[in-house]
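Work through these exercises with the structure open beside you. Try each task before you read its solution.

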Amino acid sequence: MIRATSFAGALALLGAATPALAQHKEISPYIEISQVLTDNFTTGDVLTYSQVAAGVDAAITTHNATAQVNYRYEHSFSWDKHTSDSDVHQGLARAAVGVGQALTIEGGALATRARSDIRGAATGFDGPQVDNMTQVYAFYVGPRVATRAGPVDLTASYRLGYVKVDAPGFTGLGPDVPRLDAYDDSTSHSVLVSAGVRPGAVAPVGVTVSAGYEREDAGQLDQRYEDKYVRGDVLVPVSATVALTAGVGYEELQTSQKDALLDADGNPVIDGKGRFVTDPASPQRIAYRTDGIYWDAGVVWRPSPRTAFEAHVGRRYDSWVYFGSLSHAMSETSGLRVVVYDQVDTFGRQLRNGIAGLPTSFTTLRDQFSGAYTGCTFGTSGSEVGGCLNDVFQSISTASYRARGVDGVIYASKGPLRMGFGAGYAHRKLYAPNTPTGAVTYGINDQSVYGQFFVQRALDANSSIEGNVFANWFDPGFVGAENIISTGTVGTYYRTFGRLGATASLGLYTFDTKSTEAEVTGQALVGLRYQF
């Protein structure tokens with residue numbers, strides 16, 4: 001199963017990072033039982049259920065490797081005969097292992113529950129039979145080589161990625177709402193090579209030549225993403241801290257899919273898991289294609305080793321593109337990171353790259369109500385502050401799309417206090433063949449705005465408190481679909497008694513549309529954890 005494959009691979013990477021002289025090593029398996037009460041203040045429905053969980057928190061740091069794994073399997077026993085039990089896998093793993101001076105093996109894995117349909121419910125919390133939620137598994141792994149041949153810097157990398165999404169359940173939408181094709185799985189390959197010389201090495205300017213190839217094959221409707229490109233870049237210093245940069249390249253990018261099989265009435269045939277059945281006689285139809293020269297130019301500013309800023313503007317995808325980044329470490333334990341992006345992407349590729357962008361050492365949050373890892377993951381240092389996956393998980397789209405937005409994270413810690421804030425905006429233009437079976441998503445533009453704040457404080461050696469607040473705004477972009485606002489706040493107290501720990505949490509969640517009454521839900525949890 002993919003969950004076993006993902007985290008077995010992550011643990012294998014973790015094991016590779018454990019030579020005899022480890023600088024830091026902490027592996028803490030645990031079991032946990034808890035009792036949860038959920039009260040929907042809008043409808044008056046009250047649900048009580050018990051949870052049994054098993055998991056592991058592990059972190060290893062050596063002179064040539066860093067790795068962290070947080071994984072938790074949870075089974076909920078409902079006390080309501082009308083509500084079935086449920087199983088949830090939540091986990092994040094990241095590792096980077098140096099092998100010799102030139103080779104690094106990097107990988108990551110994710111298991112989480114995420115919102116399925118952007119038009120559907122946005123409850124903001126987890127639990128048995130929550131509408132519009134589905135289980136997601138993902139992993140990636142690959143080597144990276146960085147070496148020099150005289151004045152030339154040589155790099156090469158390869159990434160293998162895999163994403164699996166369980167069949168979606170009830171979305172909270174009416175039966176007359178058109179069905180979207182439901183994501184199944186995808187396998188992706190990414191290869192990148194480059195050669196460059198730094199400014200002053202052989203000439204006053206720096207020059208880099210690079211080439212790349214990406215291929216992703218998805219199960220639903222035989223969807224395919226293929227991108228081939230080559231480009232050259234020039235870096236021109238204008239002062240000790242500022243440089244101008246420009247690049248030009250040639251790219252062939254194409255996304256495509258087959259038609260859904262239609263029944264005698266012209267409706268798409270649905271399989272037993274709610275997905276479209278692919279028409280075996282259908283040709284591969286183009287959803288998006290670009291073929292030609294692209295370019296961009298910008299400025300790079302690096303006033304110190306702690307600060308880096310760059311901004312670019314150019315022409316790509318037959319339109320203007322804008323992208324850039326800012327990172328600044330205020331101290332060893334505090335920093336910020338902002339990224340502006342613009343690219344043609346897919347859910348599987350964006351999730352793979354999003355996981356790769358998360359730090360190999362991250363803060364573990366104890367919020368057991370809301371879906372873990374679908375929002376922001378915060379780092380532990382000023383140089384690796386973390387990142388957010390909200391732009392990926394605003395909905396699970398099977399179609400390819402043009403993704404544009406901005407994402408920012410701030411992390412700070414001092415003594416017993418840790419804080420983090422993440423926010424961003426994401427806009428997607430979905431691509432599909434302009435055919436009757438692709439008309440549901442053809443030309444749709446959806447968007448979201450999100451924000452999240454967390455704070456942790458150790459009260460003493462055995463107890464701590466934690467708070468987590470988030471808000472999301474979704475614009476589905478479909479005719480007749482309303483904007484959705486989802487908010488939540490959770491407070492948790494945790495205390496240890498040797499190997500035994502006790503948890504108490506309270507949460508309050510809302511989601512609202514213009515035409516319906518806001519749904520307000522409260523949750524309370526008490527639990528015991530035994531750590532081996």
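The exercises below concern a predicted model.

**Exercise 1. Place S186**

Find the element that holds S186, decide whether S186 is buried or exposed, and list what S186 touches.

Solution.
- Start with the element. S186 sits in strand β8, which spans residues 185-197.
- Next, check the accessibility. S186 has a relative accessibility of 2%. The cut-off for buried is under 20%. S186 therefore counts as buried.
- Now look at the side chain. A polar contact of 2.7 Å links it to the side chain of Y183.
- Finally, collect the contacts, leaving aside neighbours within four places in sequence. S186 is in contact with G161, Y162, V163, E216, D217, A218 and G348.

**Exercise 2. Map the largest nonpolar core**

Which residues of the largest nonpolar core touch the most other members, and which element gives the largest share?

Solution.
- The core has 26 residues. L110, V136, F347, L351 and F393 touch the most other members.
- Several elements give two or more residues to this core: β5 (103-115), β6 (133-149), β7 (152-165), α2 (347-356), α3 (390-393), β18 (400-414) and β19 (417-431).
- The largest share comes from α2, with 4 residues.
- Take V136 as a case. Do not count residues up to four places away in sequence. V136 then touches L110, A111, T112, A114, K164, V165, F347, L351, F393 and I396.

**Exercise 3. Judge how enclosed α2 is**

Work out why α2 is described as largely enclosed by the rest of the structure.

Solution.
- List the buried residues of α2. They are F347, G348, R349, Q350, L351, R352, G354, I355 and A356.
- Compare with the whole helix. Of the 10 residues of α2, 9 are buried, so the rest of the structure largely encloses α2.

**Exercise 4. Describe the disulfide**

Locate the two cysteines that form a disulfide and give its handedness.

Solution.
- Recall the chemistry. A disulfide is a covalent bond between the sulfur atoms of two cysteines.
- Count first. The model has 1 disulfide. It joins C376 to C388, with an S to S distance of 2.0 Å.
- Place each end. C376 lies in strand β16 (residues 376-378) and C388 in strand β17 (residues 386-388), so the pair ties together parts 12 residues apart in sequence.
- Read the torsion. About the S-S bond of C376 and C388 it is about 90 degrees, so the disulfide is right-handed.
- Check the surroundings. C376 and C388 are both buried.

**Exercise 5. Place E384**

Find where E384 lies and decide how exposed E384 is.

Solution.
- E384 is in the loop between β16 and β17.
- Its relative accessibility is 35%, so E384 counts as partly exposed.
- Compare sequence and space. E384 and T360 are 24 residues apart in sequence, and their C-alpha atoms are 8.4 Å apart.
- Leave out residues up to four places away in sequence. E384 then touches P359, T360, S361 and G379.

**Exercise 6. Explore a cavity**

What volume does the second largest cavity have, and which residues are closest to its centre?

Solution.
- There are 4 cavities of 30 Å³ or more.
- The second largest holds about 130 Å³ of space.
- Its lining has 17 residues, and Q223, R224, T346, T398 and S400 are the closest to its centre.
- Elements that give two or more residues to this lining are β9 (206-218), β10 (224-237), β11 (242-257) and α2.
- β11 gives the most to the lining, with 3 residues.

Technical notes. Residues numbered from 1 in each chain as written. Predicted model: local features only at pLDDT ≥ 70, side-chain atom pairs only at ≥ 80, totals over all residues. Heavy atoms only, no water. Buried < 20%, exposed > 50% of the residue type's maximum accessible area, 1.4 Å probe, protein only. Polar contact = N/O pair within 3.5 Å; in protein donor to acceptor, adjacent residues only side chain to side chain. Contact = heavy atoms within 4.5 Å. Core = buried A, V, L, I, M, F, W, Y, C linked by side-chain atoms within 4.5 Å. Disulfide = S-S within 2.5 Å. 1 Å grid on protein atoms, 1.4 Å probe; cavity = no way out; pocket = protein on both sides within 12 Å on 5 of 7 lines; lining within 4 Å. Points joined across faces, edges and corners; volume = space filled by probe spheres on them.
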